[in-house]
Amino acid sequence: MSNPTIYDVSRLSGVSTATVSRAFSEPDRVREATRRRVYQAAAALNYQPSAIARAMARQRTDRLAYIICKKGATILDEFYAGICEGVMRRANAMEYQLVISTAEDWRRTPKSKQIEGAILAGDAQPDLIAELQRQNIKVVLANHVSPGFDLPCVVADEQSGVLQALEHLKQSGRHNIAMLAGRFSSYITSERYNAFLSAMRQIGLPPEEASIAMCDRDIHSATKAALELLNRPNHPDAIFAFNDTLAAGVIKAARRLSLQLPEDLAVVGYDDSTICTLLEPELTSVHVDCRQMGELCMDRMTALLAGESCPPRLTVVPVSLCVRSSS
C-alpha cells in the first residue's frame, strides 16, 4: 500500500489541500474545529506531513547547529559532549534537526547548511560569530562570553566553584594553597584566575603570597609545572588545578616526589570528569552540570527563534564540589 498523501487527508477531512497544509504549517490560522478534522483524518490514515514541505511553507528549516569551538577538539570531548547531550535532548523533544561539528570542520565545509540557529560551545571566535550573524542565523554561546556581541550566554558559576574548592581546602587544614592554571579560552582563564584571587581573600589567605603556575592543557605540561611548584622551598600543601586533566598531572608529579595524598598534598580539580574516579586516590573536583547547560542553551535558542526580543543575556548554572580522597 502506498503512503498516504495530502490529497488523501483532504478527501477524508473534507477540506482543501491548502487548508491541510496550513493546519500543519500555520495551525493558528485554521479554526479549531477544522484543525481537529484534519488531524483526525491524518491520524486515521497514518499520514506524516513532510518535514521539507512544512519547512518550505513556514520559510524555516528546523535545523540547528552545535559547534565545538576548542582548538584540536573532537565531538567526543567529554565536557562539550555533555553539553551536546542536553542540547540534543531538547532539540529532539522539539523536533529540531541538529548538526554537530567542530569549528575547524565547520570552516572547511560549505556554508550553505540551511540552519536557523547555532550554539557555539567554548572559545567562539568573533569572526565566526559575525559570519553567522551576517547570514541571519541566531547564535547562543555556551561556556563563553564574547565581548562586543549582545548574545545569550550560558556559563557555569566559576566564582562559586573556585570558592567551594578553596573553602574545603582551608577547612581541611591547608593554608599554603597553590594554583595550576591552564591556558584555556580567554574567558575561562580570566574567570578562574580572578575567582581564585577573590576566593583566597574570602577565606582569609593573602592571594599575593599564593604560588601560581601556568601550563598548557595536556597532562605532560601539567606534570612539569606541578613539579616546579612542589620543588619550591616553601612548597604548597594543596593545589587547585584548572581542570581534572591538570589535576591528574599534579598527582603524577606528587607520585614522582614520593608525596602521599592527601597527607602531604591535597589536590582539587574542576569539571568532575570521568577521570576523577579512575585516579588513585580519587580526585575531588568541582561538578559542572553540562547537560543542564545544554538544555538552557536550547531554551535560549528557542526564545530567539520565537522572536523574543530580550531572552536572558547571561545564564549562570550552579556548580557543586564532589569531595573524594585526594583532599
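Let me start with what counts as an aromatic pair: rings of Phe, Tyr and Trp (for Trp, its six-membered ring) pair if their centres lie within 6.5 Å, with planes under 30 degrees apart called stacked, over 60 edge-to-face and the rest tilted. Hi everyone, and a quick word on the input: this is a predicted model, where local features need pLDDT of at least 70 and side-chain atom pairs count only at pLDDT 80 or more, while totals for chains, interfaces and linings use all residues. Residues are numbered from 1 along each chain as its sequence is written, and side-chain values use heavy atoms, with hydrogens and water left out.

So, how many aromatic pairs does the structure hold? There are 4. One of them joins Phe-79 and Tyr-80 in an edge-to-face arrangement, 5.1 Å centre to centre with 85 degrees between the planes. Both of these residues are buried, where buried means under 20% relative accessible area, exposed over 50% and partly exposed in between, using a 1.4 Å probe and protein chains only.

Another pair is Phe-196 with Phe-240, and this one is stacked: 6.4 Å between centres and 5 degrees between planes. Phe-196 belongs to helix α9 (residues 186-202) and Phe-240 to strand β8 (residues 238-241), so the pair ties together parts that are 44 residues apart in sequence. For the record, helices (H or I, at least four residues) and strands (E, at least two) are DSSP runs, numbered from the N terminus. Phe-196 and Phe-240 are both buried, and ring pairs link them with Tyr-270 into a cluster.

Tyr-270 has a charged partner too: the charged end of Arg-192 sits over its ring, 3.8 Å from the centre. The test there is NZ of Lys or CZ of Arg within 6 Å of the ring centre and within 35 degrees of the ring normal.

Arg-192 and Phe-196 also turn up among the α9 residues that meet helix α8, and on the α8 side we have Glu-158, Gln-159, Val-162, Leu-163 and Leu-166. Contact here means heavy atoms within 4.5 Å. How do the axes run? Those of α8 (residues 158-171) and α9 come within 8 Å and cross at roughly 45 degrees. Axes are lines fitted to C-alpha atoms, for helices over the stretch in contact, and angles run from 0 to 180 degrees between N-to-C directions. α8 and α9 are therefore oblique to each other; under 35 degrees would be roughly parallel, over 145 roughly antiparallel, 65 to 115 roughly perpendicular, and the rest is oblique.

For a second helix pair, α1 (residues 6-13) and α3 (residues 32-45) pack at about 120 degrees, their axes 9 Å apart. These two are therefore oblique as well. Among the residues of α1 in contact with α3 are Val-9 and Leu-12.

Now the backbone. Most residues other than glycine have a negative phi, and most peptide bonds are trans. Which bonds are cis here? Leu-261 to Pro-262 is cis, with omega near 5 degrees, and Pro-262 is in the loop between α11 (244-256) and β9 (266-271). Glu-280 to Pro-281 is cis too, with omega near 0 degrees, and Pro-281 is in the loop between β9 and β10 (284-288).

As for phi, Asn-136 has a positive value of about 60 degrees and is exposed, at 68% relative accessible area. Asp-271, in strand β9, has a positive phi of about 110 degrees, and Asp-271 is buried at 18%. Thanks, happy to take questions!
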